[in-house]
Amino acid sequence: QVQLVESGGGLVQAGESLTLSCAASGILVSVYAMAWYRQAPGKQRELVAGLKTGGRTNYADSVKGRFTISRDNAKNTVYLQMSSLKPEDTAVYYCNSPRGSSWYNTYYSWGQGTQVTVSS
């Protein structure tokens, strides 16, 4: 059974940094594409950052230059380093494994996510 457990969220002030973790079990993050998504209140879930197995990355325009997705194969964990956080980054952040050509073709059920709240 696949489990993706997100952690690392919290309440920070604008301009600060956070690093989110997605610990995977039942799936090897080195073998599949992985991505981070977020959902703000009243909004649809959106792709934040994606990482292909070959290392190619994809970022939402709103986070380019501020967020970095990475993985640690030994720990089977995917990370999202977030810097220069803005109030509009406030959301619940989720990880998942997209398949095929669309970053939104996610393969697994969504976990509980981790809440990130950025105060101004």
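**Close-up 1. A disulfide joins Cys22 to Cys95 in this predicted model.** The S to S distance is 1.9 Å. The count of disulfides comes to one. Such a link is a covalent bond between the sulfur atoms of two cysteines. With 55° about the S-S bond, the link of Cys22 and Cys95 is right-handed. The pair ties together distant parts of the chain, 73 residues apart. Cys22 belongs to strand β3, and Cys95 belongs to strand β9. Are the two cysteines buried or exposed? Cys22 is buried, with a relative accessible area of 0%. Cys95 is buried too, at 1%.

**Close-up 2. Six strands form an open sheet.** Their order is β2-β10-β9-β4-β5-β6, and the pairing is mixed. Strands β2 (10-13) and β6 (57-59) stand at the edges. Each has a single partner strand, so one side of each is left without a neighbour in the sheet. Neighbouring strands are turned by 25° against each other on average, direction ignored. Strands of a sheet pair through backbone hydrogen bonds, either parallel or antiparallel.

**Close-up 3. β2 and β10 pair in the parallel sense.** Four bridges connect the two strands. Gln13 has Ser119 of β10 as its bridge partner. β2 is an edge strand of the sheet.

**Close-up 4. β9 and β10 pair in the antiparallel sense.** Three bridges connect them. Tyr93 stands opposite Thr114 in β10. Strand β9 (91-96) also holds Cys95 of the disulfide.

**Close-up 5. The side chains of β10 alternate between two faces.** This strand covers residues 114-119. Which of its side chains are buried? Thr114, Val116 and Val118 are, and they point to one face. Gln115, Thr117 and Ser119 point to the other face and are not buried. Alternation between the two faces of the sheet is what a regular strand shows. Two of the bridge partners described above can be placed on this pattern. Thr114, opposite Tyr93, is on the buried face. Ser119, the partner of Gln13, is on the other face.

**Close-up 6. β4 and β5 pair in the antiparallel sense.** Strand β4 spans residues 34-39, and strand β5 spans residues 46-51. Five bridges connect them. Tyr37 stands opposite Leu47 in β5. In the order of the sheet, β4 follows β9, and β5 precedes β6.

**Close-up 7. Leu28, Val31 and Tyr32 form a nonpolar patch on the surface.** Together they have about 270 Å² of accessible area. Where does Tyr32 lie? Tyr32 is in the loop between β3 (18-25) and β4. Its relative accessible area is 32%, so Tyr32 is partly exposed.

**Close-up 8. Asn76 has a positive phi.** The value is near 50°, in a residue other than glycine. Most residues other than glycine have a negative phi. Asn76 lies in the loop between β7 (67-72) and β8 (77-82). At 13% relative accessibility, Asn76 counts as buried, because the cut-off is under 20%.

**Close-up 9. Ser84 has a positive phi of about 50°.** Ser84 is not a glycine either. Ser84 lies in the loop between β8 and β9. Is Ser84 buried or partly exposed? At 40% relative accessibility, Ser84 counts as partly exposed.

Methods
Residues numbered from 1 in each chain as written. Predicted model: local features only at pLDDT ≥ 70, side-chain atom pairs only at ≥ 80, totals over all residues. Heavy atoms only, no water. Pairing = 2+ DSSP bridges. Axes fitted to C-alpha atoms, helices over the stretch in contact; angles between N-to-C directions. Buried < 20%, exposed > 50% of the residue type's maximum accessible area, 1.4 Å probe, protein only. Patch = residues over 30% accessible without salt bridge, like charges linked within 9 Å, V, L, I, M, F, W, Y side chains within 5 Å. Areas by Shrake-Rupley, 256 points an atom, 1.4 Å probe, with all protein chains shown as cover. Salt bridge = Lys/Arg side-chain N within 4 Å of Asp/Glu carboxyl O. Disulfide = S-S within 2.5 Å.
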